[in-house]
Amino acid sequence: MDLYVLVKVAHVIGATVLLGTGAGIAFFMLMAHRTRDPALVAHTAGVVVLADTVFTASAVILQPITGASLAHLAGYRLLAGWIGLSLALYVITGLCWLPVVWIQLRLRDLAIQAVVTGTPLPERYFRLFRLWFVLGFPAFAAVLGIVWLMVAKPSF
C-alpha cells in the first residue's frame, strides 16, 4: 500500500470521527438536557467533555496534517478551489467548536453545582445551552460541506 492511500485512510477516519463524534455529542447532550435532571446532565456533559478531548481534538489535529499531506502528494494547491473552501469551512467549524468546548465545561459545572446544592438547573445553564445549540448548526453544516467537498472535489 502506498503512502497516499495510507494518508487518505487516516484522513477519511479523521473526517468520520469529526462528523460522528459531533453528531453523537449533540444527540446525547440534547437528550440529557431534555430531562432537566442535574445529575444526568452532569454525567452526560462530563462524558461529552471527555469524548471531545479524546476524539474530536485528536481529529481536529489530524485533519489539517493529513489534508495538507494529501494535497501535496496529489499535486493540489492548498489554498485553491475546493481545498481552499474546505479550509475556510474548517476555520468556521473551529470558531464554533472552541466556544462550544468551553460551554460544555460550564454546563457540566453548573449541573454538578445543582446536584451538590439539591437545586434545579439554573437559568444560566439554559442560556448557555441555547448558545451551545445554536453554535452547533453552523459547525455541523460546515463539516457536512467539507465532507461533500472531499468526495465531490468540484472544479471551480
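Reader: Which side chain of opposite charge is nearest to aspartate 52, and how far away is it?

Author: A salt bridge needs a side-chain nitrogen of Lys or Arg within 4 Å of a carboxyl oxygen of Asp or Glu. In this predicted model, the nearest side chain of opposite charge to aspartate 52 is arginine 108, which is 11 Å away. Aspartate 52 therefore has no salt bridge, although aspartate 52 is buried.

Reader: Which side chain is joined to aspartate 52 by a polar contact?

Author: A polar contact is a pair of N or O atoms within 3.5 Å, and here such a contact, of 2.8 Å, joins the side chains of aspartate 52 and glutamine 104.

Reader: Which residues does aspartate 52 touch, once residues up to four places away in sequence are left out?

Author: Contact means heavy atoms within 4.5 Å. On that reading, aspartate 52 touches Ile25, Ala57, Trp97 and Val101, as well as Gln104.

Reader: Where in the secondary structure should I look for aspartate 52?

Author: Look in helix H2, which covers residues 38-74. The protein has four helices and zero strands, and from the N terminus on its elements run α-α-α-α.

Reader: How much of the protein counts as buried, and how many positive and negative side chains are there?

Author: Of the 156 residues of the protein, 35% count as buried, and aspartate 52 is buried too. The protein has 10 positive and 5 negative side chains, with the centres of the two sets 7 Å apart.

Methods. Residues are numbered from 1 along each chain as its sequence is written. This is a predicted model: local features need pLDDT of at least 70, side-chain atom pairs count only at pLDDT 80 or more; totals for chains, interfaces and linings use all residues. Side-chain values use heavy atoms; hydrogens and water are left out. Helices (H or I, at least four residues) and strands (E, at least two) are DSSP runs, numbered from the N terminus. Buried means under 20% relative accessible area, exposed over 50%, partly exposed in between (1.4 Å probe, protein chains only). Lys and Arg count as positive and Asp and Glu as negative; His and the chain ends are not counted. The place of a charge is taken as NZ of Lys, CZ of Arg, CG of Asp or CD of Glu. A polar contact is a pair of N or O atoms within 3.5 Å; within protein, one must be able to donate a hydrogen and the other to accept it, and residues adjacent in sequence count only if both atoms are side-chain atoms.
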